[in-house]
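The following exercises are to be worked through with the sequence and the model in view. Each task is followed by a solution in steps.

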Amino acid sequence: MAELSRKVGIVAALQEVKRSSGKSYNQIAEETGLTNVYVAQLLRRQAQLKPETAPKLKASLPGLSDQLVHEMMLAPLRSYEPNLIQDPTVYRLNEAVMHFGESIKEIINEEFGDGIMSAIDFFCSVDKVKGVDGKDRVVVTFDGKYLPHTEQKSEHMVSRVRPSGS
């Protein structure tokens, strides 16, 4: 519980740095070469800041202290507020995945085989486009590595491999 409250304080400080900068996630993303969602993940301590990216982020957000940068470079506590699902935007995103999920799964299996889309080797972005009717539309892109399910043969299980001569 102490780790979670510590995270809350760090995230609040990071969000204040962003607010003070006056920059959008898109602007910071453009300046750092990251996706807008990844920038948001970094500033919410849901992703780990890599050493080669730290100077770019500090240049984009000069208000970042060395201590905050250090915190961002630690492995994050990837958690979320359970009541987050009550937020209408998050609820609708969840609803969309639940509604379309079975069909998306079938297409992944049809196109790639029996497997899943990684949420670790994963890119995500949010874009704003004009629809054919001229109204604003939200485009959420999930770009994850395909991971095939493997047949679980005991001979391939490293913990069961016996040294020769045993």
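UniProt positions are given in the numbering used here, feature names are shortened, and annotations may be inferred rather than shown by experiment. The model itself is predicted.

**Exercise 1. The annotated domain**

Task: State which residues the UniProt annotation "domain: Cyanate lyase C-terminal" covers, and describe the secondary structure over residues 79-152.

Solution.
Step 1. The annotation, which comes from an unreviewed UniProt entry, covers residues 79-152.
Step 2. Over residues 79-152, helix accounts for 34% of the chain and strand for 39%.
Step 3. The C-alpha atoms at the two ends of residues 79-152 are 31 Å apart.

**Exercise 2. The annotated active site**

Task: Identify the residues at which UniProt places the feature "active site", and determine how the side chains of Arg 92 and Glu 95 meet.

Solution.
Step 1. The unreviewed UniProt entry places this feature at Arg 92, Glu 95 and Ser 118.
Step 2. Arg 92 and Glu 95 both belong to helix H6, where they are three residues apart, about one turn of the helix.
Step 3. Their side chains meet in a salt bridge, with an N to O distance of 3.2 Å.
Step 4. Glu 95 is classed as partly exposed because its relative accessible area is 38%, which lies between the limits of 20% for buried and 50% for exposed.

**Exercise 3. Salt bridges elsewhere in the chain**

Task: Give the number of salt bridges in the structure, and examine those formed by Lys 23 with Glu 31 and by Lys 130 with Asp 136.

Solution.
Step 1. The structure contains eight salt bridges.
Step 2. One of them joins the side chains of Lys 23 and Glu 31 at 2.8 Å, N to O. With a relative accessibility of 43%, Glu 31 counts as partly exposed.
Step 3. Lys 130 and Asp 136 meet through their side chains at 2.7 Å, N to O. Lys 130 is exposed, at 58% relative accessible area, whereas Asp 136 is partly exposed, at 46%.
Step 4. A network of salt bridges links Lys 130 and Asp 136 with Lys 128.

**Exercise 4. The nonpolar surface patch**

Task: List the residues of the nonpolar surface patch, and decide which element supplies the largest share.

Solution.
Step 1. The patch consists of Leu 93, Val 97, Met 117, Val 126, Val 138, Val 140 and Phe 142, which together have about 600 Å² of accessible area.
Step 2. At least two of its residues come from each of H6, strand E1 (115-130) and strand E2 (136-148).
Step 3. The largest share, three residues, is supplied by E2.
Step 4. Leu 93 is the member to examine further; this residue lies in helix H6. A patch residue must have over 30% relative accessible area, and Leu 93, which is partly exposed, has 45%.

**Exercise 5. The negative surface patch**

Task: Name the residues that form a negative surface patch, and classify Glu 106 as buried, partly exposed or exposed.

Solution.
Step 1. The negative patch is formed by Glu 102, Glu 106, Glu 110 and Glu 111.
Step 2. Glu 106 is located in helix H6, which spans residues 88-112.
Step 3. The limit for an exposed residue is over 50% relative accessible area; Glu 106 therefore counts as exposed, at 52%.

**Exercise 6. A positive phi angle**

Task: Locate Arg 45 in the chain, and describe its phi angle and its accessibility.

Solution.
Step 1. Arg 45 is found in the loop between helix H3 (36-43) and helix H4 (54-60).
Step 2. Its phi is near 60°, a positive value in a residue other than glycine.
Step 3. Because its relative accessible area is 6%, Arg 45 is buried, the limit for this class being under 20%.

**Exercise 7. Separation in sequence and in space**

Task: For Ile 85 and Asp 121, and for Gln 41 and Leu 68, set the separation along the chain beside the distance in space.

Solution.
Step 1. Ile 85 lies in the loop between helix H5 (66-73) and H6, and counts as partly exposed at 34% relative accessibility.
Step 2. Between Ile 85 and Asp 121 there is a separation of 36 residues in sequence and of 24 Å in space, C-alpha to C-alpha.
Step 3. Gln 41 lies in helix H3 and is partly exposed, with a relative accessible area of 32%.
Step 4. Gln 41 and Leu 68 are 27 residues apart along the chain, and their C-alpha atoms are separated by 14 Å.

Definitions and conventions: Residues are numbered from 1 along each chain as its sequence is written. This is a predicted model: local features need pLDDT of at least 70, side-chain atom pairs count only at pLDDT 80 or more; totals for chains, interfaces and linings use all residues. Side-chain values use heavy atoms; hydrogens and water are left out. Patches are made of residues with over 30% relative accessible area and no salt bridge: like charges are joined within 9 Å, nonpolar side chains (Val, Leu, Ile, Met, Phe, Trp, Tyr) within 5 Å. Accessible areas come from the Shrake-Rupley method with a 1.4 Å probe; for residues, only the protein chains shown count as cover. A salt bridge is a side-chain nitrogen of Lys or Arg within 4 Å of a carboxyl oxygen of Asp or Glu. Lys and Arg count as positive and Asp and Glu as negative; His and the chain ends are not counted. The place of a charge is taken as NZ of Lys, CZ of Arg, CG of Asp or CD of Glu. Helices (H or I, at least four residues) and strands (E, at least two) are DSSP runs, numbered from the N terminus. Buried means under 20% relative accessible area, exposed over 50%, partly exposed in between (1.4 Å probe, protein chains only).
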